[in-house]
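Biologist: I'm new to this structure and would like a close look at one part of it. Could you walk me through the barrel, strand by strand, and then show me what sits around it?

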Amino acid sequence: MRWTESQCHRANLARWPILLLMNAKIRFRRRALLALLASFCLHAEAVSANASAPLFDDTGLLDVELVGPVSSVLEDREERKEQRFRLVLNDAGHDVWVRVRGKSRSRKSTCQFPPLRFRFEAADGVFAGQEKIKLVTHCRNSDRGDADVMEEYVAYRIFNLLSPFSLRVRPLRLTYSDTDGNLSKKARQRYGFLIEPVQHLAERTGGELLELDGVALSWLDSEQAALVYVFEYLIGNTDWSFVTGGGSDHCCHNGRLLKVDGRIEYVPYDFDLAGLVNTRYAKPDPSLNLRNVRQRRYRGFCTDSDTLLNAIRTVVDLEEEIYDVVRTTPGLEGKRKQKDIEYLGDFFSEARDQGELLAEFEKRCLDD
């Protein structure tokens with residue numbers, strides 16, 4: 001049996017009190033149980049057998065063709081005017097408007113192929129309910145470009161395992177059919193992924209998106225915040241903070257704030273500068289004195305020791321599931337997958353002594 005989204009909200013599964021399920025040898029921690037319950041909500045579907053499956057209810061690869069003036073859109077990185085395209089999936093076409101989006105990745109000096117935004121006119125089928133949606137594309141027209149984008153997809157999927165307050169993603173293999181006729185052959189079939197709109201995240205969790213000038217740590221859900229700290233360390237990402245992001249007038253850098261039942265959840269995004277991804281353009285902040293982005297640095301704020309230790313344990317308990325995300329991700333060759341598993345495995349090796357890792361985190365933690 002699967003739950004509908006309305007049933008999930010009425011049951012308020014994402015905010016159940018601490019629950020323990022026990023048998024002779026099995027004991028579920030609160031976050032592990034919530035993740036299990038959230039899986040029902042995240043895969044909610046209508047009772048009717050004819051209902052369309054929502055885009056992010058599944059993580060299966062979608063083979064799509066994008067037909068239109070691709071070259072013209074890619075060249076228009078300043079004005080970013082929308083152009084009409086046809087998005088084809090399983091011989092069914094959808095009218096969609098496309099334009100360039102993004103900040104650093106939209107610069108030609110950074111990426112040959114910038115991120116895009118789709119705007120559907122009247123979507124149906126797997127795209128039912130979608131209006132504006134972000135596409136994360138390959139940056140460089142190469143196999144490494146494919147691997148980079150799909151490793152960022154892996155980062156999103158890992159955080160999906162840890163918290164229901166996370167942005168879901170759907171992988172794509174895209175065939176770009178350029179009606180301008182100018183697109184490089186190397187760019188004509190590449191991988192990418194779609195990101196769940198933040199408004200949809202708010203709707204499915206019963207939350208409210210916030211735009212604040214700043215945030216006090218006491219306002220945050222301490223468990224979610226601790227999971228973010230450990231997750232960002234796991235993937236080797238230091239490109240995030242609770243302060244105003246570059247070019248923005250509200251908190252936070254590479255994170256959104258979501259108010260749920262009076263508590264504020266920090267939802268991270270944008271992981272292209274993480275050590276797990278290790279893009280060619282990724283460089284650590286000079287103030288951190290790191291050799292490269294593969295070198296981990298804990299950037300979490302000082303918090304309750306028990307809360308942080310529980311977050312470490314939650315991540316450690318999901319070690320095999322995290323490796324499985326890497327193993328099952330399309331667009332990654334065997335050697336790249338093994339390299340990613342080894343990088344993540346370095347964290348789990350550190351975490352074998354959870355007390356020592358906790359002490360290291362507390363030594364490095366940032367004051368509010």
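Modeller: Let's start with Val-98, which stands opposite Phe-118 in E4. That pair belongs to a stretch where E3 and strand E4 (residues 116-120) run antiparallel, joined by five bridges. Keep in mind as you look around that this is a predicted model.

Now step to the other partner of E3. Strand E2 (residues 83-89) pairs with strand E3 (residues 92-100), again in the antiparallel sense, and here there are seven bridges. One pair to look for is Arg-86, whose bridge partner in E3 is Asp-95. E2 and E3 make a hairpin, with two residues between them. In that turn you'll find Asn-90, which has a positive phi of about 55°.

Zoom out a little and these strands turn out to be part of a closed barrel of seven strands, in the order E1-E2-E3-E4-E5-E7-E6, with mixed pairing. On average, neighbouring strands of this sheet are turned by 40° against each other, direction ignored. As a rule, side chains in a regular strand alternate between the two faces of the sheet.

For a parallel pair in the barrel, go to strand E1 (residues 62-68) and strand E6 (residues 169-178), which pair in the parallel sense over seven bridges. Val-67 is a handy marker there, since Ser-177 in E6 stands opposite Val-67.

What lies across the strands? Helix H4 (residues 143-162) lies across strand E5 (132-137), E6 and strand E7 (189-195), and runs at about 25° to E7.

That helix also brings us to the packing. The largest nonpolar core has 71 residues, and those touching the most other members are Leu-234, Ile-235, Phe-242, Leu-257 and Phe-347. H4 gives the most to this core, with ten residues. Apart from this core lies another, of 28 residues, with Leu-135, Leu-174, Leu-183 and Leu-194 among them.

Phe-347 deserves a stop of its own. Setting aside neighbours within four places in sequence, Phe-347 is in contact with Val-230, Tyr-233, Leu-234, Arg-296, Val-315 and Leu-357.

Follow Val-315 and you land in H7, where Val-315, Val-316 and Asp-317 meet Glu-319, Glu-321 and Ile-322 in H8. The residues of this contact split into three nonpolar, no polar and three charged. Helix H7 (residues 305-317) and helix H8 (residues 319-328) pack at an angle of about 55°, and their axes are 5 Å apart. That angle makes H7 oblique to H8.

One more place to click on is His-200, in helix H5 (residues 198-205). Is His-200 buried or partly exposed? His-200 has 21% relative accessibility, so it counts as partly exposed; the buried label would need a value under 20%. Not counting residues up to four places away in sequence, His-200 touches Gly-129 and Gln-130. Arg-168 is 32 residues away from His-200 along the chain, and their C-alpha atoms are separated by 9.8 Å.

To put all this in context, the protein has ten helices and twelve strands. Of its 368 residues, 51% count as buried. Among contacts between residues at least 6 apart in sequence, 66% join residues at least 24 apart.

How values were computed. Residues are numbered from 1 along each chain as its sequence is written. This is a predicted model: local features need pLDDT of at least 70, side-chain atom pairs count only at pLDDT 80 or more; totals for chains, interfaces and linings use all residues. Side-chain values use heavy atoms; hydrogens and water are left out. Two strands pair if DSSP finds at least two bridges between them. Helices (H or I, at least four residues) and strands (E, at least two) are DSSP runs, numbered from the N terminus. Axes are lines fitted to C-alpha atoms, for helices over the stretch in contact, and angles run from 0 to 180 degrees between N-to-C directions. Contact means heavy atoms within 4.5 Å. Angles under 35 degrees count as roughly parallel, over 145 as roughly antiparallel, 65 to 115 as roughly perpendicular and the rest as oblique. Ala, Val, Leu, Ile, Met, Phe, Trp, Tyr, Cys and Pro count as nonpolar, Asp, Glu, Lys and Arg as charged, and the others, Gly among them, as polar. A nonpolar core is a set of buried Ala, Val, Leu, Ile, Met, Phe, Trp, Tyr and Cys residues joined through side-chain atoms within 4.5 Å. Buried means under 20% relative accessible area, exposed over 50%, partly exposed in between (1.4 Å probe, protein chains only).
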